[in-house]
Structures are given as C-alpha cells and as structure tokens.
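Work through these exercises with the structure open. Each task is followed by a stepwise solution.

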Amino acid sequence: MKGAMGEIVVSIGLENYVDRSNAASGLRTDPVRRTEAEGVVDTGAVMLVLPQNVVEGLGLEPLRTAIVADADEHKEERPVAGPVAIEVCDRMMVTECVVGPPLSEPLLGQIVLEALDLIADCANRTLTPRTPDYPSLKLKAVHPIGLAH
C-alpha cells in the first residue's frame with residue numbers, strides 16, 4: 001500500500017511472542033494477543049517503533065529505556081518493549097520495539113528491513129523481498145574456535 005508523498009506504507013501483523021511461545025507449549029489457553037496495522041517504512045530509523053496503545057494492547061513488557069533522536073536531532077528517552085513477532089511481506093521475525101506516543105504511526109526501521117531482507121524502493125513506493133522464498137542474510141565466515149583457518 002502507498003502512503004503520502006514518498007512514503008512506503010505496508011500491512012504488518014503483530015503478536016505478543018511470549019503469548020505465542022506459551023500457547024505452543026500448552027502454558028497459555030487464552031488467545032494469543034495480535035493485531036494488524038499499517039506501518040510506514042522509515043529507512044532512516046534503526047528499530048521498529050510501535051504506538052503505546054498498540055504495545056499495551058499486545059501486552060508487551062517493558063525491557064529497557066533508549067535515547068532516540070528524530071530527524072531534527074531532538075532527543076528523548078523512550079521505553080523499549082517486546083518481544084514482538086512482526087510479519088511483513090509474508091516474512092516473520094521476532095524483535096523489540098521502541099514505544100512511540102499513543103496513536104502514532106508504526107515505523108519499520110532498518111533492523112526489520114535487514115532481517116527480513118526487504119528492499120525499499122522509494123521511487124515506486126514499494127517494499128519487496130530481495131529473494132522470493134526466504135531472506136538471504138550476509139554473514140562473516142564462521143570458523144570453529146582454536147582451529148587453523
């Protein structure tokens with residue numbers, strides 16, 4: 001879906017990952033808390049940002065505090081919550097989110113784009129997977145510790 005001038009807006013599925021894990025192991029009988037939303041792709045942002053009302057509705061736990069800076073370099077402390085499972089373009093990952101003001105728009109930053117291997121095409125205002133089946137992630141060659149290379 002396309003948003004305002006130059007924005008890339010996509011449908012995202014969100015769920016409380018602890019709920020999902022507990023349901024899978026039989027520890028939770030209540031439904032998994034989940035929601036769908038429209039999110040704006042923000043290639044200048046690092047993390048996923050979710051509005052406070054969505055975070056509370058999903059029952060995400062506060063994990064820590066971070067200092068965030070907006071495009072004008074205005075800095076403020078914001079809570080970080082999670083874990084949250086996010087699905088975008090038929091790809092899913094588990095991550096943390098910065099808690100934004102109530103009723104603000106969800107923002108998808110570089111962590112989501114990189115982990116899900118999604119390409120933001122700002123000219124055409126689209127978000128598409130780089131590879132069709134699953135993410136292709138770059139990794140430094142890994143060698144067993146103590147063995148010669």
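**Exercise 1.** Is Asp117 buried or exposed?

*Solution.* The model is predicted. Step one: take the relative accessibility of Asp117, which is 4%. Step two: apply the cut-off, since buried means under 20% relative accessible area. Asp117 therefore counts as buried.

Step three: place the residue. Asp117 lies in the loop between α3 and β8. Step four: check its backbone. Phi of Asp117 is near 55 degrees, a positive value in a residue other than glycine.

**Exercise 2.** Find the salt-bridge partner of Asp117 and say where each residue of the pair sits.

*Solution.* Step one: the partner is Arg130, and the closest N and O atoms are 2.7 Å apart. Step two: the pair links distant parts of the chain, 13 residues apart. Arg130 belongs to the segment after β9 (126–129), while Asp117 belongs to the loop between α3 (110–115) and β8 (118–121).

Step three: classify Arg130. Its relative accessibility is 51%, so Arg130 counts as exposed. Asp117, at 4%, counts as buried.

**Exercise 3.** Describe the start of helix α1, then what follows just after the helix.

*Solution.* Step one: locate the cap. Asn16 caps the N-terminal end of α1 (residues 17–24). Step two: give the contact. A side-chain oxygen of Asn16 lies 2.9 Å from the backbone nitrogen of Val18. Step three: move past the helix. Gly26, just after α1, has a positive phi of about 85 degrees.

**Exercise 4.** Which residue forms a salt bridge with Asp19?

*Solution.* Step one: Arg33 is the partner, with the closest N and O atoms 2.8 Å apart. Step two: this pair links distant parts of the chain, 14 residues apart. Asp19 is in helix α1, and Arg33 is in the loop between α1 and β2 (34–41).

Step three: compare the two with the cut-offs. Asp19 has 3% relative accessibility, so Asp19 counts as buried. Arg33 has a relative accessible area of 31%, so Arg33 is partly exposed.

**Exercise 5.** Relate strands β4 and β5, then trace Arg64 to its partners.

*Solution.* Step one: establish the pairing. Strands β4 (residues 61–69) and β5 (residues 75–88) run antiparallel and are joined by 8 bridges. Step two: inspect the turn. The hairpin has 5 residues between the strands, and Glu73 in this hairpin takes a positive phi near 65 degrees.

Step three: look across from Arg64. Val80 in β5 stands opposite Arg64. Step four: find the salt bridge. Arg64 pairs with Glu96, the closest N and O atoms being 2.7 Å apart. Step five: the pair links distant parts of the chain, with Glu96 in strand β6 and Arg64 in strand β4, 32 residues apart.

Step six: assign exposure. Glu96 has 27% relative accessibility and so counts as partly exposed. Arg64 has 39%, so Arg64 also counts as partly exposed.

**Exercise 6.** Where is the cis peptide bond between Gly82 and Pro83, and what is its omega?

*Solution.* Step one: the bond joins Gly82 and Pro83, with omega about -10 degrees. Step two: Pro83 lies in strand β5.

Step three: continue to the loop between β5 and β6, where Asp90 is found. Asp90 is not a glycine, yet its phi is positive, about 65 degrees. Step four: its relative accessibility is 73%, so Asp90 counts as exposed.

**Exercise 7.** Which residues make the nonpolar surface patch of about 230 Å²?

*Solution.* Step one: the patch is made by Tyr17, Met92 and Val94. Step two: Met92 lies in strand β6 (residues 91–100). Step three: at 38% relative accessibility, Met92 counts as partly exposed.

**Exercise 8.** Summarise the whole chain.

*Solution.* Step one: count the elements. There are 3 helices and 9 strands. Step two: write their order, β-α-β-β-α-β-β-β-β-α-β-β. Step three: assess burial. Of the 149 residues, 34% count as buried.

Step four: take the contacts with a separation of 6 or more. Residues 24 or more positions apart account for 59% of these. Step five: take the accessible surface. It comes to about 9,400 Å², and 54% of this belongs to carbon and sulfur atoms. Step six: count the salt bridges in the whole structure, which number 7.

Methods. Residues numbered from 1 in each chain as written. Predicted model: local features only at pLDDT ≥ 70, side-chain atom pairs only at ≥ 80, totals over all residues. Heavy atoms only, no water. Patch = residues over 30% accessible without salt bridge, like charges linked within 9 Å, V, L, I, M, F, W, Y side chains within 5 Å. Areas by Shrake-Rupley, 256 points an atom, 1.4 Å probe, with all protein chains shown as cover. Salt bridge = Lys/Arg side-chain N within 4 Å of Asp/Glu carboxyl O. Helix = DSSP H or I, 4+ residues; strand = E, 2+ residues; numbered from the N terminus. Buried < 20%, exposed > 50% of the residue type's maximum accessible area, 1.4 Å probe, protein only. Polar contact = N/O pair within 3.5 Å; in protein donor to acceptor, adjacent residues only side chain to side chain. Pairing = 2+ DSSP bridges. Contact = heavy atoms within 4.5 Å.
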